[in-house]
Amino acid sequence: MRHETVEISPPGPLAVGGGHWPQHLRDEFERNQFSGAVGDVLVSEIDRVRVWHLSLPPGGWITFHRHVLDYFWTTPTAGVARGYYEDGRIVDVHHYPGETRHFHHGLDEHFVHGIENVGDTELIFVTVEFLQGDNPPIPLPDTVKLDPGQHPDE
C-alpha cells in the first residue's frame, strides 16, 4: 500500500478573477479560512493536545480550515480525498488503512484546505494537534466540542 497524490488542478490565484474554483467554493473559503476546526468533532482537549475525529461518507465534505499547530493524522480506512488548498490547487489523495502523516508549522506558518470524499468508501481520520508549539492555537467554538451528554457511559 502506498500514499498517492494526483494533481487535478495546479496552484492558481483565488483572488485574481476567482481562479478556477466555482464561486460557491471561493465563497466558502472566504467564510471559513480562519477556522481552527480541523475535524468533525473535538473529542478531547488537555493542556498539551487536541484530539479530533473526522468521518466523511462518499460525497462528504469538511469545510475549509486552518492548520497552525504541529499535528499528525491517521486513518483506518482506504479511500480518495480531494483537497482544495489555499494556493488554488486541487489534488486527489489515495489513502490506505493505517496511513499516518506528521506535520510541523513554524512560527507564523499555516495552511488552509477543505476536503471532499470523492471515493466510494467512508473516510475516517483521527487528528492530534500539539498545543505547545511555535503558534498559538486557534480558539474554537463550543459547537465543535463533543457533548458528553450525547454519548453517556454504558
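## Strands around β10

Strand β3 (residues 49-56) and strand β10 (residues 123-130) run antiparallel and are joined by 8 bridges. Strands here are DSSP runs of E, at least two residues long, and helices are runs of H or I of at least four, numbered from the N terminus. Two strands count as paired if DSSP finds at least two bridges between them. Trp52 has Thr127 of β10 opposite. Strand β5 (residues 70-74) also runs antiparallel to β10, with 5 bridges, and Asp70 stands opposite Phe130.

## Basis of the model

This is a predicted model, in which local features need pLDDT of at least 70 and side-chain atom pairs count only at pLDDT 80 or more, while totals for chains, interfaces and linings use all residues. Residues are numbered from 1 along each chain as its sequence is written, and side-chain values use heavy atoms, leaving out hydrogens and water.

## The open sheet

An open sheet of 5 strands follows the order β1-β7-β6-β9-β4, with antiparallel pairing. β1 (4-9) and β4 (61-67) are at the edges with a single partner strand each, so one side of each has no neighbour in the sheet. From one strand to the next the twist averages 25°, with axes fitted to C-alpha atoms (for helices over the stretch in contact) and angles taken from 0 to 180 degrees between N-to-C directions.

Between β6 and β7 there are 6 bridges in the antiparallel sense; Gly79 has His95 in β7 as its bridge partner. Helix α1 (residues 23-32) packs on the sheet and touches β4, β6 and β9, where contact means heavy atoms within 4.5 Å.
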